[in-house]
Amino acid sequence: MATRIRPSSKRCAVIGGSGFLGRHLVEKLLDKGYTVSVFDIRQSYELPGVTFHQGDLCDKLGLLTALRDVSLVFHCASPAPASDNKALFERVNIQGTKTVIEACTEAGVQKMVLTSSASVVFEGTDIKNGSEELPYAKKPIDYYTQTKIEQEKLVLKACNKDRGFLTVAIRPHGIFGPRDPQLVPILVDTARRGKMKFIIGDGSNLVDFTYVENVVHGHILAAEFLRPESPICGKAYHITNDEPVRFWDFMSDMLVGLGYAAPRYHLPYFLVYGLALLLWLLSVLLRPLVAFKPTFTPMRVALAGTHHFYSVSKAKQDMGYKPLVSLKDGIKRTVESYPHLRHGV
Ligand SMILES: NC(=O)C1=CN([C@@H]2O[C@H](COP(=O)(O)OP(=O)(O)OC[C@H]3O[C@@H](n4cnc5c(N)ncnc54)[C@H](OP(=O)(O)O)[C@@H]3O)[C@@H](O)[C@H]2O)C=CC1
Ligand SMILES: CC(C)=CCC[C@@H](C)[C@H]1CC[C@H]2C3=C(CC[C@]12C)[C@@]1(C)CCC(=O)C[C@@H]1CC3
């Protein structure tokens, strides 16, 4: 009888490996001696030690090719929240994740680490030092978050020690760093259009922003701790910089670092939220006639005007997590990585 050869534990796949977080993860995995298959809808770079498989994660056959001989899968693919496309979020984050789980079990993958989001418990009101015990949001702030909740539930439920398939979810918050396509580019674009003059609310709200290398560290720790006897099986873990910061201080440090003025004038939170809601409704109603995307969406206003920071005690206790890069160093490295976004360039 042929004995099944167990795939090498240093052979892994990163679904979404062409994206911001995915590429940082791939680079660290290579440093640590892993060989990596990237599965993504686009190929954004080439690196020795990486095999690219271009495809849609809803296509099981394509996935099966990429998962051949792979024992560990990181799933960090998602449509961008700014796409605001309900059908796409449902197709990729829910149906696609079901397909990823099926493909993993068919291919004999033993471990899967999902990139979820701390926002799965956020309803637009204050969260201070929130633990993983908080229930999922009953009223998530947008469709993206709604589908991230369903996705996380699917992956955690699929954890099955008897069948040798172990899963864990990492919930980062506000990832930033070099090559980030969202936070800094949106911030700079808003500043260049003269709209970054206002502070929403009194500016005292504390938020987590997480340097990308710390998020990568949390993912790799989770993969290495994921064993049948470990408490992390089938669980979700917050991963942050463990340094909550005033939202508007963080934005100001980025802006000033890039040569732009920091926002100074205060606007009442509920006024801005109401206006954002009105604009969003208008953009949805007028979508067939004119396409416009408001910068200050209700989701962004809620994130900019409330407290939302999370405890990482559980990750510290169960997998020895500790951020590797401080917020100050993370901001410095990020600012230096965007010379083309500096004021006047
Ligand atoms: N950025 C943040 O602050 C946070 C992000 N997260 C989560 O982290 C993960 C990574 O985010 P981030 O790196 O910022 O995002 P990116 O958009 O940079 O990376 C996601 C990658 O997945 C790809 N992708 C999208 N749809 C599919 C598909 N159907 N099949 C295959 N690949 C696909 C994207 O391609 P394309 O670009 O062409 O769409 C992209 O290359 C996501 O799961 C996100 O939900 C969680 C918390 C915070
Ligand atoms: C008010 C304004 C225009 C601020 C500019 C910065 C924002 C674009 C970011 C501030 C907080 C960020 C954030 C995310 C995206 C970018 C911001 C809104 C996420 C929604 C990305 C996906 C997640 O899972 C949660 C993130 C929360 C924080």
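**Exercise 1. Find the polar contacts that ligand 1 makes with Asp56, Phe20 and Ile175.**

Start with the side chain of Asp56: one of its N or O atoms sits 3.0 Å from a nitrogen atom of ligand 1. Keep in mind that this is a predicted model, so read each distance as a computed value. To count as a polar contact, a pair of N or O atoms has to lie within 3.5 Å, and the Asp56 pair, at 3.0 Å, fits.

Next, go to the backbone. Phe20 brings a backbone N or O atom to 2.9 Å from an oxygen atom of ligand 1. Ile175 also uses a backbone N or O atom, and here an oxygen atom of ligand 1 is 3.0 Å away.

Now step back and look at the cover. On its own, ligand 1 has 890 Å² of accessible area, and the protein covers 86% of that.

**Exercise 2. Describe the shell of residues around ligand 1.**

Begin with the head count: 25 residues surround ligand 1, and the ones that come nearest are Phe20, Leu21, Asp40, Tyr144 and Lys148.

Then sort the shell by class. You should get eleven nonpolar, ten polar and four charged residues.

Last, ask which elements give two or more residues to this shell. They are helix H1, running over 20–31, and helix H4, running over 143–157.

**Exercise 3. Work out what surrounds ligand 2, and how much of it is covered.**

First, list the neighbours. There are 13 residues around ligand 2, with Ser117, Ser119, Tyr144, Ile186 and Phe296 the closest. Tyr144 should ring a bell, as it is also among the residues that come nearest to ligand 1.

Second, check the polar contacts. The side chain of Ser117 has an N or O atom 2.8 Å from an oxygen atom of ligand 2. For Tyr144, a polar side-chain atom lies 2.8 Å from an oxygen atom of ligand 2.

Third, take the cover: of the 600 Å² of accessible area that ligand 2 has on its own, 93% is covered by the protein.

Fourth, trace the shell back to its elements. Helix H7 (247–257) and helix H9 (298–305) each give at least two residues, and H9 has the largest share, with three. By class, you'll find eight nonpolar, four polar and one charged.

**Exercise 4. Compare a UniProt annotation with the model.**

Look up the record: an unreviewed UniProt entry lists residues 270–290 as "transmembrane region".

Now turn to the model. Residues 270–290 are 76% helix and 0% strand, and their end C-alpha atoms lie 27 Å apart.

Methods: Residues are numbered from 1 along each chain as its sequence is written. Chains are lettered from A and ligands numbered from 1 in the order in which they are written. This is a predicted model: local features need pLDDT of at least 70, side-chain atom pairs count only at pLDDT 80 or more; totals for chains, interfaces and linings use all residues. Side-chain values use heavy atoms; hydrogens and water are left out. A residue is near a molecule or strand if one of its heavy atoms lies within 4 Å of it. A polar contact is a pair of N or O atoms within 3.5 Å; within protein, one must be able to donate a hydrogen and the other to accept it, and residues adjacent in sequence count only if both atoms are side-chain atoms. Accessible areas come from the Shrake-Rupley method with a 1.4 Å probe; for residues, only the protein chains shown count as cover. Helices (H or I, at least four residues) and strands (E, at least two) are DSSP runs, numbered from the N terminus. Ala, Val, Leu, Ile, Met, Phe, Trp, Tyr, Cys and Pro count as nonpolar, Asp, Glu, Lys and Arg as charged, and the others, Gly among them, as polar. UniProt positions are given in the numbering used here, feature names are shortened, and annotations may be inferred rather than shown by experiment.
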